[in-house]
Amino acid sequence: MVFGRGAAFNFLLLPTITTDVIGLVLVSYPSRAKATYRLAATLLIPAIWSAARFRRKRVRTIWPYVLVSGTLSWVGFYLSGVHPALALLPIVRFLPHAARDL
C-alpha cells in the first residue's frame with residue numbers, strides 16, 4: 001500500500017519534488033549580469049522549440065530530444081546561474097511516451 005501507485009503516492013510525490021526544486025533554485029540563486037540572462041533565454045527558446053518540433057514530427061526515440069534540446073537547455077540553465085540539473089524540465093513535456101493503459 002505504501003509503494004503502490006495510488007492517489008496518496010502521487011499526492012506525496014508532488015510536494016516532495018516541488019520542495020526539491022525550490023531548494024535547488026534557492027541554493028543556486030543567480031547573481032549574474034542581465035546580458036547573461038538574455039543569452040540563457042536565447043538558448044532556452046530554441047531548446048523548447050526543437051523539442052516541440054521533434055514531437056510534431058513524431059520522433060519516437062529519446063536521443064534527439066536529449067542531445068539537441070537537452071544540451072541547449074542545459075547550457076541556458078548553466079549560463080543563467082540556475083542549477084543545470086533542472087535543464088530537462090522544459091523538455092520533459094515533449095518527450096515520447098507510451099499510450100496510457102487505463
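Visitor: Before we look around, what is a nonpolar core?

Guide: Happy to start there. This is a predicted model, and the term is applied to its side chains. A nonpolar core is a set of buried Ala, Val, Leu, Ile, Met, Phe, Trp, Tyr and Cys residues, joined through side-chain atoms within 4.5 Å.

Visitor: Which residues make up the largest nonpolar core?

Guide: This core has 7 residues. Its largest share, 3 residues, comes from α2. The full list is A47, A51, F54, Y65, I91, F94 and L95.

Visitor: How many helices and strands does the chain have?

Guide: Following the sequence from start to end, you meet the pattern α-α-α-α. That pattern matches the count, which is 4 helices and 0 strands.

Visitor: Where in the chain is the confidence highest, and where is it lowest?

Guide: For the chain overall, the mean pLDDT is 81, with 77% of the residues at 70 or more. Where pLDDT is low, the predicted coordinates should not be read in detail. The highest confidence is in α3, at 91, and the lowest is in helix α1 (residues 7-27), at a mean of 75.

Visitor: Is F54 buried or exposed?

Guide: The cut-off to keep in mind is that buried means under 20% relative accessible area. F54 has a relative accessibility of 19%, so F54 counts as buried.

Visitor: What kind of aromatic pair do F54 and Y65 form?

Guide: A pair of aromatic rings is described by the distance of the centres and the angle of the planes. Planes over 60 degrees apart count as edge-to-face. The ring centres of F54 and Y65 are 5.5 Å apart and their planes stand at 70°, so this pair is edge-to-face.

Visitor: Which helices does that pair tie together?

Guide: F54 and Y65 are 11 residues apart in sequence. Y65 is buried, at a relative accessible area of 0%. Because Y65 lies in helix α3 and F54 in helix α2, the pair ties together α2 and α3.

Visitor: And how are the rings of W74 and Y78 arranged?

Guide: These two residues sit in helix α3, 4 residues apart, or about one helical turn. W74 is partly exposed at 41% relative accessibility, and Y78 is partly exposed at 44%. Their ring centres are 5.4 Å apart with 5° between the planes, and the pair is stacked.

Visitor: What is the relative accessible area of S73, and what does S73 touch?

Guide: S73 belongs to helix α3, which covers residues 63-80. Its relative accessible area is 0%, so S73 is buried. Not counting residues up to four places away in sequence, S73 touches L44, A47, A87, P90 and I91.

Visitor: Which residues is A40 in contact with, leaving aside its neighbours within four places in sequence?

Guide: A40 lies in helix α2, residues 34-56, and is buried, with a relative accessible area of 3%. A40 and Y78 are 38 residues apart in sequence, yet 8.0 Å apart in space, C-alpha to C-alpha. Once those sequence neighbours are left aside, the contacts of A40 are G76 and S80.

Visitor: Which residues does L95 touch, not counting those up to four places away in sequence?

Guide: L95 is one of the residues of the largest nonpolar core. With those sequence neighbours not counted, L95 touches R55, I62 and Y65.

Visitor: To finish, what percentage of the residues count as buried?

Guide: The accessible surface of the chain comes to about 7,900 Å², and 70% of it belongs to carbon and sulfur atoms. The chain has 102 residues, and the share that counts as buried is 24%.

Technical notes: Residues numbered from 1 in each chain as written. Predicted model: local features only at pLDDT ≥ 70, side-chain atom pairs only at ≥ 80, totals over all residues. Heavy atoms only, no water. Buried < 20%, exposed > 50% of the residue type's maximum accessible area, 1.4 Å probe, protein only. Areas by Shrake-Rupley, 256 points an atom, 1.4 Å probe, with all protein chains shown as cover. Contact = heavy atoms within 4.5 Å. pLDDT = per-residue confidence, 0-100. Phe/Tyr/Trp six-rings, centres within 6.5 Å; stacked < 30°, edge-to-face > 60°.
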